[in-house]
Amino acid sequence: MKAQFVVLDGDGIGPEVTEQAVAVLMAVAGKHGHDFTFEHGLIGGAAIDAVGDPLPSETIAAGHAADAVLLGAVGGPRWDDPTSHIRPEQGLLGLRRELGVFANVRPIRVFPELAAASPLRPEIVSGTDILFYRELTGGIYFGDSGTDDDGAFQVMRYSKVEVERIVRMAADAAQTRRGRLTMVDKANVLEPSRLWRRVAGDLIAEEYPNLAYDVVLVDAMAMYLLSHPAEFDVVVTSNLFGDILTDEASMLTGSLGMLPSASIGSSGPGLYEPVHGSAPDIAGRGLANPLAAILAAAMALRHSLGLEKEAISVEAAVASILAAGLRTADIAADGASVSTTVMGQAVVEALD
Ligand code: IPM
Ligand code: MN
């Protein structure tokens, strides 16, 4: 098939890891007879430096015209001036909003070979396989905000439709997995959480009566992720809670450097990125783990192009090089490690 990817390197380790993801996609195209083209665009700090805007209109237009958008990472200390109103993160948030990708899907799967790399005991993390659905285009991230002489505020607001569409997506996923859906909120304190609880509860009772559905308060969830993570299947939650809980959950797998994410809407291109950030401390040194970006590319094959077989071949290649003992520094424990490019090339060579 023919497919057009837009590649947005962004900042820090972004360019290094997306380069490997593109190399893997090109190899997949070659092996399976597809015609993939790649167009590069600016976002984040790199876009601020080049054109003074973290989300240039050309990037938005290219994104809309693409089949899938691959993103590296945005942000870094260079653009951290608290008095500046232009920040790299605005590029990413704006792009999510522009593309209407309201569901951020973050799989947290513990590769058996890496269980020892987790700061938690292997018997706690082993068997963990959680699929997070984080609401991505609403809530406090996009609420009215302001500052005055002695304070600042930001509004958390959700509509019924915003809750329904992501809960439905998460419920659909739970039906194809172990049949359990957990909704995380703070309904003992926050009004928008009480809306989530009502709307999600009604929808599940009506449309998904066979799911094992439960609700957990976010503070308790932070604890349960460390005490019994393997019991969860699909977890759905709002934007801010999902941001925090998925970083926490990433540690179950040993490294944030392993985790991909897919952001999808009801139609149009998806946005695929590693969960990790721009890691400015290791940028440009060949130390970054490209596996999250490569696994994000696999999610693009699956979710945006419908190429399930190809997605599985990439995931299998990643599993096989891990089994063979290849490690970047973040997952090396105390053993030897390889560079970003060696790791990416190994995945290419392991493709069947
Ligand atoms: C993420 C990141 C972003 C977020 C930042 C970079 C704006 O932390 O994708 O989780 O908060 O959504
Ligand atoms: Mn985050």
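Helix α10 (residues 291-303) packs against helix α11 (residues 308-323) at an angle of about 160°, and their axes lie 7 Å apart. Angles over 145 degrees count as roughly antiparallel, so α10 is roughly antiparallel to α11. The model is predicted. Besides this helix pair, the points below cover an open sheet of 10 strands and two helices that lie on strands, α3 and α7.

**Helix pair α10 and α11**
- The two helices, α10 and α11, cross in a left-handed sense.
- From α10, the residues in contact are Leu291, Ile294, Leu295, Ala298, Leu301 and Arg302.
- Their partners in α11 are Glu308, Glu310, Ala311, Ile312, Val314, Glu315, Val318, Ile321 and Leu322.
- Sorted by class, the contact of α10 with α11 consists of 11 nonpolar and four charged residues, with no polar ones.

**The sheet**
- Its strand order is β2-β1-β3-β12-β11-β4-β5-β10-β8-β9, and the pairing is mixed.
- Strands β2 (35-41) and β9 (212-217) form the edges, each pairing on one side only.
- From one strand to the next, the twist averages 25°.
- Strands β5 (residues 129-135) and β10 (residues 234-237) run parallel and are joined by four bridges.
- Opposite Phe132 stands Val235 of β10.

**Helices on the strands**
- Helix α7 (residues 191-207) packs on the sheet and touches β5, β8 (180-185), β9 and β10.
- The direction of α7 makes about 160° with that of β8.
- Helix α3 (residues 57-65) lies across β1 (2-10), β2 and β3 (68-73).
- Relative to β1, helix α3 runs at about 150°.

Conventions: Residues are numbered from 1 along each chain as its sequence is written. Chains are lettered from A and ligands numbered from 1 in the order in which they are written. This is a predicted model: local features need pLDDT of at least 70, side-chain atom pairs count only at pLDDT 80 or more; totals for chains, interfaces and linings use all residues. Side-chain values use heavy atoms; hydrogens and water are left out. Axes are lines fitted to C-alpha atoms, for helices over the stretch in contact, and angles run from 0 to 180 degrees between N-to-C directions. Angles under 35 degrees count as roughly parallel, over 145 as roughly antiparallel, 65 to 115 as roughly perpendicular and the rest as oblique. A crossing is left-handed if the near helix is turned anticlockwise from the far one by less than a right angle, and right-handed if clockwise. Contact means heavy atoms within 4.5 Å. Ala, Val, Leu, Ile, Met, Phe, Trp, Tyr, Cys and Pro count as nonpolar, Asp, Glu, Lys and Arg as charged, and the others, Gly among them, as polar. Two strands pair if DSSP finds at least two bridges between them.
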